[in-house]
Amino acid sequence: MLLFLSAWVLGPLLAIYTLLFVLRIFLSWYPQLDTARLPYALVIGATEFLLRPTRKLIPPLGGVDMAPVVWVGLVTLLREVLLGQQGLLTMALH
């Protein structure tokens with residue numbers, strides 16, 4: 001039951017974070033936007049706590065912020081390892 005519940009919560013959560021990081025990539029293309037206003041502030045607030053330390057490890061390359069790209073890859077990998085067709089939680093539920 002606990003595995004089912006964790007898979008049921010973790011799947012949508014990881015999907016939402018993937019979407020949020022993709023939105024951060026799009027927002028970086030429009031620096032003139034006022035990111036303090038809704039709905040941009042929601043995207044910034046939900047992702048900045050992960051992006052800030054990542055930028056310290058991987059600084060922008062040629063003015064391009066690579067941190068959201070890294071997080072899209074990490075979240076997608078985590079989702080596949082845990083919930084993919086042969087993921088750990090998927091296999092434990094079957």
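A contact, as I shall use the word, means heavy atoms within 4.5 Å. With that settled, let me turn to the structure, which is a predicted model.

Consider first how contacts are distributed along the sequence. Among those in the protein chain that link residues at least 6 apart, 55% join residues at least 24 apart.

The chain comprises four helices and zero strands, so that its pattern, read along the sequence, is α-α-α-α. As to overall dimensions, the C-alpha trace spans about 50 × 30 × 20 Å along its principal axes. The radius of gyration is 16 Å, whereas a compact globule of 94 residues would have one near 12 Å. Of those 94 residues, 26% count as buried.

Turning to the surface, the protein chain exposes about 6700 Å², and carbon and sulfur atoms supply 73% of that area. The chain carries 6 positive and 4 negative charges, and the mean positions of the two sets are 4 Å apart.

I would now like to examine one residue, Thr47, which lies in helix α2, residues 40-57. Is Thr47 buried or exposed? Thr47 counts as buried because its relative accessibility is 0%, and the cut-off for buried is under 20%.

What surrounds this residue? Leaving aside residues up to four places away in sequence, Thr47 touches Tyr17, Leu20, Phe21 and Arg24. The side chain of Thr47 also has a polar atom 2.8 Å from the backbone oxygen of Val43.

To close on this residue: Thr47 is a buried position in helix α2, with Tyr17 and Arg24 among the residues it touches.

Conventions:
Residues numbered from 1 in each chain as written. Predicted model: local features only at pLDDT ≥ 70, side-chain atom pairs only at ≥ 80, totals over all residues. Heavy atoms only, no water. Helix = DSSP H or I, 4+ residues; strand = E, 2+ residues; numbered from the N terminus. Buried < 20%, exposed > 50% of the residue type's maximum accessible area, 1.4 Å probe, protein only. Polar contact = N/O pair within 3.5 Å; in protein donor to acceptor, adjacent residues only side chain to side chain. Rg over C-alpha atoms; globule rule 2.2 N^0.38 Å. Areas by Shrake-Rupley, 256 points an atom, 1.4 Å probe, with all protein chains shown as cover. Lys, Arg positive; Asp, Glu negative; His and termini not counted. Charge placed at Lys NZ, Arg CZ, Asp CG, Glu CD.
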